[in-house]
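The exercises below ask you to read a fold step by step, beginning with a single residue and moving outward. Please keep the sequence and the structure open while you work.

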Amino acid sequence: MRHLVFFFLFASAASFGQVADDSVSVLGFDDYYQIVIQNHPIIKQAELLSQAASQELRLARGAFDPKLEGTWNMKDLSDTEYYNLLDVSLKIPTWFPVDPKVGFSQNTGEYLNPENFISSSTDNQQLYAGVSVPIGKGLFIDSRRATLRQAQLMQGMAEADQIKEINKILLTAVKDYWEWYAAVNNYDLMLQSIDIADDIFSRTKMAFEYGEAAPLDTIQAKITLLGRKTALQEALIERIKAGLTLSNHLWTEEGAPLEMTPDIEPGSIQNNLLSNVQLEQMYELARENHPELRKLNLKNESLIIDNRLARENLKPRLDLNYYFLDQPINAQGNSNDLMFMDNYKVGVDFAFPIFLRKERAKLGMTKLKITENNYQLDFTERQILNELSAQYNEMINLQQIVVQQQEMADSYQLILQAERLNLENGESDLFKLNIQIDKLIEAQSKLIKTKVNYQKSIATLYWAAGISNLGLVD
């Protein structure tokens with residue numbers, strides 16, 4: 001009778017660690033990740049960075065927009081028109097250092113300045129067309145061309161910032177998912193342990209009533225059951241907290257938050273050991289893709305543009321202006337022969353600061369900034385590669401720990417089965433059996449934690465390399 005009672009008493013221990021196939025909703029990692037990528041408001045906010053950079057580029061291109069200008073001045077005193085000056089022009093900036101300009105003038109008046117005089121034979125109207133060409137400062141680069149090139153670089157920097165911000169929130173989302181996975185599975189593990197402890201207590205109490213178990217066995221079984229209930233409550237708290245944290249990342253396409261319900265459980269972990277990933281490959285990926293390195297490289301290119309502009313500003317400003325007057329057509333629409341040495345207006349604008357203190361200081365500052373940026377680039381690259389190496393070694397070690405922890409959990413399962421057989425044969429007792437069950441629970445709990453840490457280490461590895469979307473989405 002004693003052997004038969006203990007056989008039923010501990011039969012349930014043989015199936016410990018097996019989860020019943022209840023009807024639950026499963027939120028797999030891939031589905032969760034897609035929801036986060038598509039709907040997370042912070043990710044949508046980060047995507048605005050590239051749009052802002054596009055507007056900055058558009059703003060810089062505005063310096064090359066054609067400009068229509070016009071002025072009109074008139075003076076009339078004592079019924080005498082002193083002057084009436086009208087000038088309308090169209091200026092067309094170009095990428096090359098040539099600014100074409102086309103204009104129309106009409107000047108009349110009794111006291112007109114001679115330089116504004118236009119013959120009455122053309123109805124005091126005149127067409128002019130010409131160019132302004134810098135042959136000193138501004139020939140190779142000027143502020144508007146520098147601004148446009150830097151705005152183009154800003155687009156790349158904005159994309160790097162966008163990747164950085166998105167990867168940051170994705171890493172948090174991935175870690176929160178696996179923390180939720182661990183909390184749910186630990187809760188299920190504690191739930192199973194309570195079923196076993198409750199069954200042990202019930203059967204031990206029944207055995208005591210039949211006189212086949214000592215009173216201390218009943219007390220010990222009750223203590224074990226109460227301990228497991230306490231552990232279950234703690235696991236429930238962790239599960240609720242992890243579920244609420246996870247819900248921070250779940251949103252609909254319309255921007256409404258999604259709530260986690262108790263019947264939702266995570267999918268199973270795939271055994272995706274990254275044995276083919278080499279550290280040198282990760283180094284190359286980091287050098288090519290890491291947002292911080294991309295930003296510093298682009299910043300260096302921007303500073304080189306500043307340096308070129310500062311060098312250009314050391315030259316004197318010498319602008320040559322040449323305009324055809326009423327050539328090859330006049331204001332009345334009549335065609336004229338094109339002559340360079342007749343009916344023209346020419347001028348030269350010259351300026352040159354004697355000491356060049358402002359210009360030399362600007363050049364010196366750009367050189368210092370380039371040197372400073374290069375130091376920062378070297379340090380940041382080394383810092384990133386060292387962090388990448390640390391994460392890679394952590395992942396490799398966690399691979400081995402997962403395998404070892406799985407073997408430990410399987411071994412404790414075999415020991416528990418052997419201990420149960422010993423108890424049936426009268427060669428063990430309830431105390432020893434509970435010790436083995438506790439060890440099995442601890443081993444399986446550590447296995448869950450180790451698997452979760454391994455999954456988190458994969459995401460952290462790709463985050464450390466700066467790969468877009470943590471390498472989880474093409």
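Contact here means that heavy atoms lie within 4.5 Å of each other. The model is a predicted one.

**Exercise 1.** Determine which strand holds glutamine 126, and list what glutamine 126 touches, not counting residues up to four places away in sequence.

Solution. Begin with the position: glutamine 126 lies in strand β5. Next, apply the contact cut-off while leaving out residues up to four places away in sequence, and glutamine 126 is found to touch Gly103, Phe104, Ser105, Ile118, Leu325, Asp326 and Ala331. One of these, serine 105, has glutamine 126 in β5 as its bridge partner. As a last step, consider tyrosine 181, which is 55 residues apart from glutamine 126 along the chain, and whose C-alpha atom is separated from that of glutamine 126 by 82 Å.

**Exercise 2.** Work out how β4 pairs with β5 and with β3, and then place these strands in their sheet.

Solution. Take β4 (residues 99-108) and β5 (residues 125-134), which pair in the antiparallel sense over eight bridges; within this region phenylalanine 104 stands opposite leucine 127 of β5. Then turn to β3 (residues 80-91), which pairs with β4 in the antiparallel sense, also over eight bridges, and where leucine 85 has asparagine 107 of β4 as its bridge partner. Putting the strands together gives an open sheet of six strands, in the order β2-β3-β4-β5-β7-β8, with antiparallel pairing. Because β2 (67-77) and β8 (344-351) stand at the edges with a single partner strand each, one side of each is left without a neighbour in the sheet. Neighbouring strands of this sheet are turned against each other by 15° on average, direction ignored.

**Exercise 3.** Describe the largest nonpolar core, and state which helix gives the most to it.

Solution. Start with the count: the largest nonpolar core has 70 residues, and those with the most contacts inside it are Leu27, Tyr32, Leu170, Trp178, Trp180, Leu388 and Leu470. Several helices supply at least two residues each to this core, among them α2 (29-39), α4 (143-209), α8 (357-424) and α9 (430-465). Of the contributions, that of α4 is the greatest, with 21 residues. Now follow tryptophan 178, which touches Phe29, Ile269, Val452, Gln455 and Lys456, once residues up to four places away in sequence are not counted. Finally, a second, separate core of seven residues can be found, including Ala146, Leu153, Ile305 and Leu309.

Key: Residues numbered from 1 in each chain as written. Predicted model: local features only at pLDDT ≥ 70, side-chain atom pairs only at ≥ 80, totals over all residues. Heavy atoms only, no water. Core = buried A, V, L, I, M, F, W, Y, C linked by side-chain atoms within 4.5 Å. Buried < 20%, exposed > 50% of the residue type's maximum accessible area, 1.4 Å probe, protein only. Helix = DSSP H or I, 4+ residues; strand = E, 2+ residues; numbered from the N terminus. Pairing = 2+ DSSP bridges. Axes fitted to C-alpha atoms, helices over the stretch in contact; angles between N-to-C directions.
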